[in-house]
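Reader: I would like to go slowly through a single part of this model, with the cut-offs behind each term spelled out. Please begin with the end of one helix and then work outwards.

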Amino acid sequence: MHQVLKAKRRSRRRQSPGPRPSVSSEEPAAPSSSLQASVLVLNRQYTAVHVVTARRAFGLLYRELAEVIHVDQGSFGTYSFHSWREVSELLAEEKQPHDDWIRTVSFEIRVPRVIRLLGFDRVPRQRLNLNRRNVLARDAHVCQYCGERFPTPQLSVDHVVPRSRGGQTTWENVVCACLACNIRKGGQTPKEAKMLLIHRPTRPKRNPLLLLKLHNPKYASWRTWLEGVLGDVGVGD
Ligand SMILES: [Zn+2]
């Protein structure tokens, strides 16, 4: 009997300091959209360096590599994972429509919008990748030939000078185009197709996804940290 108790105590001691947030994909209780919410990462000097998913942010918080920065009416507080869990209990009483929550078996925790790294920058800065998502964000989902805005599935990335004519895949040679314009243009240059671009494509100075997110009320608290530093921030995950 004593042996069993001791073994139980030992195994309890070996466990981590508290209940682990359910951030695994097997966890049915946590809606995946909340785990995919974006979290702004600041370095020790409070400079915005990165954007990660809530899943990754909770991993950093739980391992005590980061703390939560909670902005509330102009001032901010800092919280460890465990104190944030306690604060979440209070915040849960007045949930706001834009908040994201993760429910685990034993508790509910709010997804923080901003975290700060406590040690060296373990999350490296990322470059701005040239990909479909970023091109569509740069052009604000507006077809650069007909000037109309379309939902993501109806858009394509068009090479201004077609690849078959030596056009490169660079920020300066790709634009967002609706499917109809893309088909109409075919393998021609804009001049040949008589389809003029409404904007000359350039490499964005700022991360276009971040700018789109700033228009989302969910991420309004990011503004505090992003004034003047937008160009330095990469988006990860
Ligand atoms: Zn179009």
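What residue follows helix H3, and is its phi positive or negative?

Author: H3 is followed by Glu 64, whose phi is positive, near 60°. Most residues other than glycine have a negative phi. Before going further, some conventions are needed. The model is predicted, with local features requiring a pLDDT of at least 70 and side-chain atom pairs counting only at pLDDT 80 or more, whereas totals for chains, interfaces and linings use all residues. Residue numbers start from 1 along each chain as its sequence is written. Helices (H or I, at least four residues) and strands (E, at least two) are DSSP runs, numbered from the N terminus.

H3 itself spans residues 54-62, with Tyr 62 among them. The helix is mostly covered, seven of its nine residues being buried, where buried stands for 20 or more other C-beta atoms within 10 Å of the residue's own, exposed for 12 or fewer, and partly exposed for what is in between, with C-beta atoms placed from the backbone. The buried residues are Ala 54, Arg 55, Arg 56, Ala 57, Phe 58, Leu 60 and Leu 61. Tyr 62, by contrast, counts as partly exposed because it has 18 C-beta neighbours inside 10 Å. The C-alpha atom of Tyr 62 is separated by 5.8 Å from that of Phe 81, although the two residues are 19 apart along the chain.

Phe 81 leads on to helix H4 (residues 81-91), whose buried residues are Phe 81, Trp 84, Arg 85 and Ser 88. Seen down the axis of H4, these buried residues fall within an arc of 105°, so they line one face of the helix; the arc is taken over the directions from the helix axis to the C-beta atoms. On the other side of H4, Glu 89 and Leu 90 are exposed. H3 takes part in covering the buried residues of H4, and the cover also includes strand E3 (66-72), strand E4 (75-79) and strand E6 (108-110).

The strands next to these helices deserve the same care; two of them count as paired if DSSP finds at least two bridges between them. E3 and E4 run antiparallel and are joined by five bridges, one of the pairings being Ile 69 with Thr 78 in E4. The two strands form a hairpin with two residues between them, and Gln 73 in the turn has a positive phi of about 50°. E3 is also joined by four bridges to strand E7 (residues 114-117), again antiparallel, with Glu 67 standing opposite Arg 116 in E7. E7 in turn is joined to strand E1 (residues 38-42) by three bridges, and here the strands run parallel; Val 41 has Ile 115 in E7 as its bridge partner.

Ile 115 ties the helix and the strands together. Leaving aside neighbours within four places in sequence, Ile 115 is in contact with Val 39, Val 41, Ala 57, Leu 60, Leu 61, Ala 66, Glu 67, Val 68 and Ile 69, a contact being two residues whose C-beta atoms, placed from the backbone, lie within 7 Å. The largest nonpolar core, a set of buried Ala, Val, Leu, Ile, Met, Phe, Trp, Tyr and Cys residues joined through C-beta atoms within 7 Å, has 43 residues, and those with the most contacts inside it are Val 39, Leu 40, Ala 57, Leu 61 and Ile 115. Domain 1 (2-126 + 213-232) and domain 2 (132-193) both give residues to this core, so it lies between them; the domain bounds come from an automatic or database assignment.

For the wider setting, the chain has nine helices and nine strands, and buried residues make up 29% of its 237 residues. Among its contacts with a separation of 6 or more, 65% join residues 24 or more positions apart. Two further positive phi values belong to residues that are not glycine: His 141, at about 65°, and Lys 194, at about 55°.

A caution on confidence closes the picture: the average pLDDT, the predictor's confidence in each residue on a scale from 0 to 100, is 81 for the chain, with 78% of the residues scoring at least 70. It stays under 50 over residues 1-30, for which the model has 25 contacts beyond four places in sequence, and pLDDT is also under 50 over residues 231-237, with 26 such contacts.
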